[in-house]
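Here are a few exercises to work through with the model open in your viewer. Try each task before you read its solution.

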Amino acid sequence: MGELEIIFLGTGTSQGVPIIGCDCITCKSSDPRDQRFRTSILLRTNSVSLLIDTSPDFRTQCLRENIRKVDAVLYTHSHTDHVMGFDDLRRFCEMADSDLPIYAVSETLNDLKRIFPYAFQTTHSFLKNYMRAAPREIKGEFSLGDLRIIPVALPHGRFTTTGFVFFRGARKLLAYYTDCKSVPPEAQEAARGAEILVLDALRHVPHPTHLTLQEATEAAQRLSVRGCYFTHMSHDLKHEETESTLPLGIRLAYDGLQLRI
Ligand SMILES: [Zn+2]
Ligand SMILES: [Zn+2]
Ligand SMILES: [Zn+2]
């Protein structure tokens with residue numbers, strides 16, 4: 001294993017691709033890269049296994065990738081396409097026989113406590129196969145295993161998404177920026193020179209809360225990253241045709257893609 005293994009569990013927008021009842025060329029495509037679960041990634045090093053978000057497809061994603069261990073979950077924000085798999089984390093509590101640390105900013109933690117109140121109660125710990133969340137409020141830089149993590153605020157309409165930049169020692173391994181309308185200056189500085197940038201790129205037509213393909217491409221080109229992968233894509237972006245239009249070093253992620261850096 002390299003320094004960091006990145007597994008794309010899902011790369012689709014909130015409705016997933018194909019969209020229910022849609023007959024467009026992407027939704028009808030036979031290319032498996034055009035089938036997108038809702039957006040989430042797993043990060044693994046020799047010392048820690050981290051999940052970012054729990055999509056409504058989380059259970060199926062875990063079975064597909066044979067995920068056996070999650071040491072902590074980091075949440076970007078509380079939109080349903082990023083949190084609704086939360087209850088399926090219960091299996092990881094059961095297998096590890098312990099609480100599961102849940103990292104998020106206070107607003108996101110409060111939403112999780114409101115949506116899944118039972119998981120944050122301490123009184124039912126006798127039910128070992130229930131979800132037992134150990135909330136960890138993100139207030140600034142933190143470390144998990146051998147990774148140092150810097151949280152970054154990203155504008156996402158009425159919401160602020162938390163982006164994450166991962167370091168190991170002096171290496172800036174990964175910046176993960178999903179669900180954002182822009183990459184503001186502070187977030188640009190945090191991601192600059194990262195080995196991998198994962199960035200929101202929803203579609204071609206402007207959207208009030210997400211980057212378009214063109215906006216994401218321009219943002220990525222400003223950041224001098226070694227490689228960039230777009231995520232959170234709608235059915236507007238058919239994989240092969242879209243990727244062939246992108247500059248060198250910028251790719252579309254797809255479900256099941258694994259990177260080792
Ligand atoms: Zn989303
Ligand atoms: Zn479609
Ligand atoms: Zn969102």
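**Exercise 1.** In this predicted model, find how far apart the zinc ion (ligand 3) and the zinc ion (ligand 1) are, and which residue coordinates both.

*Solution.* Step one: take the distance between the two ions, which comes out at 3.4 Å. Step two: look for the shared residue, and you land on Asp-179. Step three: place Asp-179 along the chain. It sits in the loop between strand E10 (171–177) and helix H5 (185–191), while His-156 belongs to strand E8 (residues 147–156). The two are 23 residues apart, so this pair links distant parts of the chain.

**Exercise 2.** Work out whether the site of the zinc ion (ligand 3) is tetrahedral or irregular.

*Solution.* Start by listing the protein donors: His-77 (NE2), His-79 (ND1), His-156 (NE2) and Asp-179 (OD), at 2.2 to 2.3 Å from the ion. Their sequence spacing reads H-x1-H-x76-H-x22-D. Next, get the angles among the 4 donor atoms, which run from 92 to 170°. A tetrahedral label needs all angles between 85 and 135 degrees. The site is therefore irregular.

**Exercise 3.** Decide whether His-156 and Asp-179 are buried or exposed.

*Solution.* The cut-off for buried is under 20% relative accessible area. His-156 has 2%, so it is buried. Asp-179 has 1%, so it counts as buried too.

**Exercise 4.** Find which strands pair with E1 (residues 5–10).

*Solution.* First, E14 (residues 258–260) runs antiparallel to E1, with 3 bridges; Ile-6 has Leu-259 as its partner there. Then E2 (residues 40–44) pairs with E1, also antiparallel, over 5 bridges, and Gly-10 faces Ser-40. Finally, check burial: 6 of the 6 residues of E1 are buried, so the strand is largely enclosed by the rest of the structure.

Terms used. Residues are numbered from 1 along each chain as its sequence is written. Chains are lettered from A and ligands numbered from 1 in the order in which they are written. This is a predicted model: local features need pLDDT of at least 70, side-chain atom pairs count only at pLDDT 80 or more; totals for chains, interfaces and linings use all residues. Side-chain values use heavy atoms; hydrogens and water are left out. Buried means under 20% relative accessible area, exposed over 50%, partly exposed in between (1.4 Å probe, protein chains only). Helices (H or I, at least four residues) and strands (E, at least two) are DSSP runs, numbered from the N terminus. Two strands pair if DSSP finds at least two bridges between them. Donors are N, O and S atoms within 2.8 Å of the metal (3.2 Å for Na, K and Ca); water is not among the atoms, so sites may look incomplete. Four donors count as tetrahedral if all angles lie between 85 and 135 degrees; four count as square planar and six as octahedral if opposite donors are over 155 degrees apart and all others between 65 and 115; anything else is irregular.
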